[in-house]
Amino acid sequence: KKRNMHETEFLQAAREVLDSLRPVFFKHPEYLDEGILERITEPDRVFTFRVTWEDDAGRVRVNRGFRVQFNNSIGPYKGGIRFHPSVNISIMKFLGFEQIFKNALTGMPIGGGKGGSDFDPKGKSDREIMRFVQSFITELSKYIGPDTDVPAGDIGVGKREIGYMFGQYKRLKSKFDAGVLTGKDPEQGGSLGRKEATGYGLVYFVDEMLKGKGDSFAGKKVVVSGSGNVAIYAMEKAIQLGATVIGCSDSSGYIYDPSGIDLEVVKQLKEYSNKRIKDYTMDHPRAVYKEGCIGIWTIPCDIALPCATQNELDEESAKILLENGVTAVAEGANMPSTEEAVHVFHTGGVLFGPGKAANAGGVAVSAMEMSQNSMRLSWTAEEVDEKLKLVMKNIYTSANEAAINYDYPGNLVVGANIAGFLKVADAMVAHGIH
Ligand code: NDP
């Protein structure tokens with residue numbers, strides 16, 4: 001704690017995992033003897049670097065770039081790149097740490113990492129984005145490779161940015177290493193189904209949670225925060241499974257449409273253009289728009305899916321959801337619920353799916369992209385979707401069983417942390433102390 005004193009998000013993520021692991025250390029003190037705890041919480045290495053670029057007015061601008069290579073015990077470092085002004089070392093480390101366990105849960109051979117920059121893509125021209133990205137990857141290219149470290153997209157980084165990264169990497173290395181980055185356009189070596197994977201995977205995971213109680217999405221009222229990549233495809237799959245999505249948001253405010261959100265309008269506003277969610281009311285004047293994001297949790301619903309950003313659902317919001325009768329909450333975003341909120345859900349008997357299990361569908365399909373690149377072939381969208389469903393079912397089963405085996409039945413936070421940890425810890429033991 002002393003060593004990472006100012007890294008609040010990282011400490012929050014580490015505390016959650018370490019608390020869950022108590023029963024493991026009690027049963028298997030050998031992990032403590034091997035120093036696994038100390039070793040797993042310290043990244044293998046962290047890079048920070050200057051990213052210099054020129055804006056359209058010819059001014060020289062400087063941002064900071066990051067890459068955290070946290071743990072490669074079960075495979076090459078793997079984790080997204082985030083471009084957002086809030087990016088700092090604490091956020092990078094919390095995301096990289098979570099990624100170790102999430103990636104292990106997928107059952108695929110991928111280690112944990114994360115990267116990004118405090119660059120704000122909002123309001124930048126396409127050429128500015130390209131110049132920034134080329135400068136960013138020029139430095140990052142020294143540390144990555146298809147068998148070393150495989151970055152992907154995250155907030156502010158989509159297929160356009162990945163395309164620019166790949167182009168510059170190819171130019172620097174003079175070779176076509178398709179597997180060095182995932183999240184590529186399917187026309188350019190990306191996997192079909194990647195765009196939808198995190199949102200669809202989240203809903204498949206919740207479906208498994210509901211099945212465990214003999215229930216389903218049919219007829220449920222669902223609220224989804226955010227309106228980005230994860231949120232849009234979570235809404236799409238929930239609607240396909242018979243639910244009505246009645247609320248979503250962006251970083252300015254939220255909309256409430258009791259008759260059911262018109263997803264095509266949301267896609268037009270947020271996926272195909274750069275508009276605000278507020279503009280939804282122009283097409284649907286009976287929908288309500290309110291400023292401020294946190295208010296979305298006051299909308300009464302059966303299922304809540306936070307899909308925007310970290311710590312967006314606090315204790316107060318959790319209590320309101322509970323009072324309004326929510327029965328299931330699952331995290332599409334990384335750590336969107338505060339520790340206090342998770343406590344409210346657990347004590348209130350709400351089914352709760354933690355992000356590192358529930359949102360692992362994206363990275364699972366990224367690992368499938370790596371496989372397809374290695375084999376130089378591509379699977380159909382249906383094949384990818386079938387594999388995704390199976391991965392999400394397996395994640396649910398292993399988290400649920402670990403929770404039962406370690407005397408926390410129904411607690412998927414504990415179960416996911418334990419199941420992910422055991423896989424990585426066993427590999428670390430097998431590889432010796434270093
Ligand atoms: P996007 O950038 O596509 O979308 C983020 C969305 O959240 C935007 O609609 C943004 O609004 C909104 N938002 C940001 N802050 C807030 C806030 N405080 N309250 C409400 N809405 C807010 O990101 P993704 O959808 O890709 O990622 C969302 C989360 O999911 C992140 O935590 C990410 O790490 C996680 N995740 C993503 C994966 C993926 O495959 N994309 C995989 C696993 C996890 P605005 O439009 O105003 O910016």
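**Notebook: the ligand shell and two annotated residues**

I started with Thr 198 and found its place in helix 8 (residues 194-211); helices here are DSSP runs of H or I with at least four residues, numbered from the N terminus. Before going on, I noted that this is a predicted model, where local features need pLDDT of at least 70, side-chain atom pairs count only at pLDDT 80 or more, and totals for chains, interfaces and linings use all residues. Residues are numbered from 1 along each chain as its sequence is written.

**Entry 1: Thr 198**

Is Thr 198 buried or exposed? I got buried, because 27 other C-beta atoms lie within 10 Å. My cut-offs: buried means 20 or more other C-beta atoms within 10 Å of a residue's own, exposed means 12 or fewer, and partly exposed is in between, with C-beta atoms placed from the backbone.

I then listed contacts, meaning pairs whose C-beta atoms, placed from the backbone, lie within 7 Å. Setting aside residues up to four places away in sequence, Thr 198 touches Asn 229, Val 230, Tyr 233, Gly 332, Asn 359, Gly 361 and Gly 362.

**Entry 2: Asn 229**

Asn 229 lies in helix 9. Asn 229 is buried too, since I found 24 other C-beta atoms within 10 Å of it. Its contacts, without neighbours within four places in sequence, are Lys 195 and Thr 198.

What does the UniProt record say about these residues? The unreviewed entry has the annotation "binding site" covering Thr 198 and Asn 229. They are spread over 32 residues of sequence, yet cluster in space, with a largest C-alpha distance of 8.2 Å. I kept in mind that such annotations may be inferred rather than shown by experiment.

**Entry 3: around the ligand**

I counted a residue as near the ligand if its C-beta atom, placed from the backbone, lies within 6 Å of it. Of the 26 residues in this shell, those that come nearest are Gly 228, Ser 251, Cys 293, Ala 308 and Gly 362. Helix 9 (residues 229-240) gives the largest share, three residues.

By class I noted seven nonpolar, 15 polar and four charged residues; Ala, Val, Leu, Ile, Met, Phe, Trp, Tyr, Cys and Pro count as nonpolar, Asp, Glu, Lys and Arg as charged, and the others, Gly among them, as polar.

**Entry 4: the domains**

Why does the ligand lie between domain 1 (42-188) and domain 2 (195-358)? Both domains give residues to the shell around it, so it sits between them. The bounds come from an automatic or database domain assignment.

The C-alpha centres of the two domains lie 27 Å apart. Their contact takes six residues from domain 1 and four residues from domain 2. On the domain 1 side I found four nonpolar, no polar and two charged residues.

Definitions and conventions:
Helix = DSSP H or I, 4+ residues; strand = E, 2+ residues; numbered from the N terminus. Contact = placed C-beta atoms within 7 Å.
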